[in-house]
Amino acid sequence: MNKTLIAIALGLALSAPSLHAAPGTGDKDATKQKKDSVALFRGVSVSADMVGLAQLAFSDYGQYEAALRVNLRDKFFPIVEVGLGKANAENATTRITYKTSAPYFRVGMDLNMMKNKHDDYRIYLGARYAFTYFEYDAFSTGVKDPVWGDAGDYNISGVKCNYHWLEASVGVDAKIFGPIRLGWSVRYRKRLSNNDGDYGNTWYVPGFGKQGGTRLGGTFNVIVEI
Amino acid sequence: MRKTVINALLLTLAAAFVACSSIDCPLNSRVMMTCRMGDGKLSSDTLTVSTTRMDDTDSVLVNRVCDIDSIMLPMSYVHECDSFYFDFKDKVTKAHVIDTVRVTKTNVPHFESVDCNPMLFHEITKVSHTTHRIASIETNNSHVTYNTQIANLIIRLKEDNE
């Protein structure tokens, strides 16, 4: 638990000047690092995101998400993330129900920003390209016409949409015991292109969150590193 | 002290994960058909527009307007054809002239967000009318949305002595 808290604290402290400060002005020879001689391939890790599961459990939308990450010299971490985003939302006031369920994919790279790359703790800066192709349904029954007085159905079904976006990521993780690590990341998502279909907007976009030009999100990962 | 700092950090983290919630419904969410008077302002008459509701009662949509160059009319959610009764009342003689305008259209559901009320846009396919006071009606923009800036119909009236 303490390691988890320390990992969180480390990540929040990323913006602190101390971590960005240039090396001291002392003797350069004294601070010069020895050449790193670790192997290029240091292992792989698989992880699952807990935030998406919590969203699924406690809100109208969320996602199952897993990632495969390769460790190169403890510094470069190419990563592929795959998820299944789901939404089943009904607004009690407007009585509109929105449903979607579709996979999404992200591919990118994390960089370990720690000075000691081989430490149990890591601070990551990363970027991802992501996309999803999905369909949504939106419907409501008994929509009453305020002028004519008739009631009719409102039904939009199988609207084909797609979203492409970039993500900037800041995160930390820490070794807990054995191959198990815990970590979290904060994601800034910027939409690149989209097709919302022929009926207006989408609402929840798998992997992106609620539709829009930008979105802030996060993950809390349980990681098994081999 | 350490516990306080950790609590503060956790609170900051929680705040970061709670995204700002906003409802992005369009400010002008009423879908209306805009009818522009093609010959400038309607100055010699007052105009009342009504329609017949599902229960055969009349509903006044525009009530005794004058000196206007355009009016906005709602469209029904489910009907394929809406009938509007344009009642022109001469300002001087007080005589009534009534024209019936029938607008045939398709109804297309439009989705903004689950937080916004369901909306239907319309595609005008045909307009017919009687010609007691109205000379002609031209379809200028067949898409009826909540953008009421572009006139959908341009209505031209007969000259007073016609």
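**Entry 1, helix H4 of chain A.** I began with helix H4 (residues 50-58) of chain A, and I noted that this helix lies across four strands of chain A, namely S1 (41-49), S2 (61-72), S3 (76-90) and S10 (214-225). I also looked up its direction relative to S2(A), and the angle came out at about 175 degrees. I record here that I am working with a predicted model, and that I read every entry below with this in mind.

**Entry 2, the elements of chain A.** I then listed the secondary structure of chain A, which has four helices and ten strands. Reading from the N terminus, I wrote the order down as α-α-α-β-α-β-β-β-β-β-β-β-β-β.

**Entry 3, the barrel.** I asked which strands of chain A make up the closed barrel. I found eight of them, running S1-S2-S3-S4-S5-S6-S7-S10 with antiparallel pairing. Between neighbouring strands of this sheet I noted an average turn of 25 degrees, with direction ignored.

**Entry 4, one pair within the barrel.** I picked out strand S6 (residues 151-177) and strand S7 (residues 180-195) of chain A, which run antiparallel and are joined by 15 bridges. To have a pair of residues to look at on screen, I looked up Trp165(A), and I found its bridge partner in S7(A) to be Arg191(A). As a reminder for viewing such strands, I note that side chains in a regular strand alternate between the two faces of the sheet.

**Entry 5, burial and contacts in chain A.** I looked up how many of the 226 residues of chain A count as buried, and the share is 31%. For contacts in chain A with a separation of 6 or more, I noted that 63% come from residues 24 or more positions apart.

**Entry 6, the open sheet of chain B.** I turned to chain B and found an open sheet of four strands in the order S4-S1-S10-S8, with mixed pairing. I marked S4 and S8 (134-139) of chain B as the edge strands, since each of them pairs on one side only. The twist from one strand to the next averages 25 degrees in this sheet.

**Entry 7, the two sides of S1 in chain B.** I asked in which sense S1(B) pairs with S4(B), parallel or antiparallel. Strand S1 (residues 32-37) pairs with strand S4 (residues 70-74) of chain B in the antiparallel sense, over five bridges, and I found Arg36(B) opposite Ser70(B) in S4(B). With strand S10 (residues 153-157) of chain B, S1(B) runs parallel, and three bridges join the two. Here I noted Met37(B) standing opposite Ile155(B) in S10(B).

Note on methods:
Residues are numbered from 1 along each chain as its sequence is written. Chains are lettered from A and ligands numbered from 1 in the order in which they are written. This is a predicted model: local features need pLDDT of at least 70, side-chain atom pairs count only at pLDDT 80 or more; totals for chains, interfaces and linings use all residues. A residue is buried if 20 or more other C-beta atoms lie within 10 Å of its own, exposed if 12 or fewer, and partly exposed in between; C-beta atoms are placed from the backbone. Two residues are in contact if their C-beta atoms, placed from the backbone, lie within 7 Å. Two strands pair if DSSP finds at least two bridges between them. Axes are lines fitted to C-alpha atoms, for helices over the stretch in contact, and angles run from 0 to 180 degrees between N-to-C directions.
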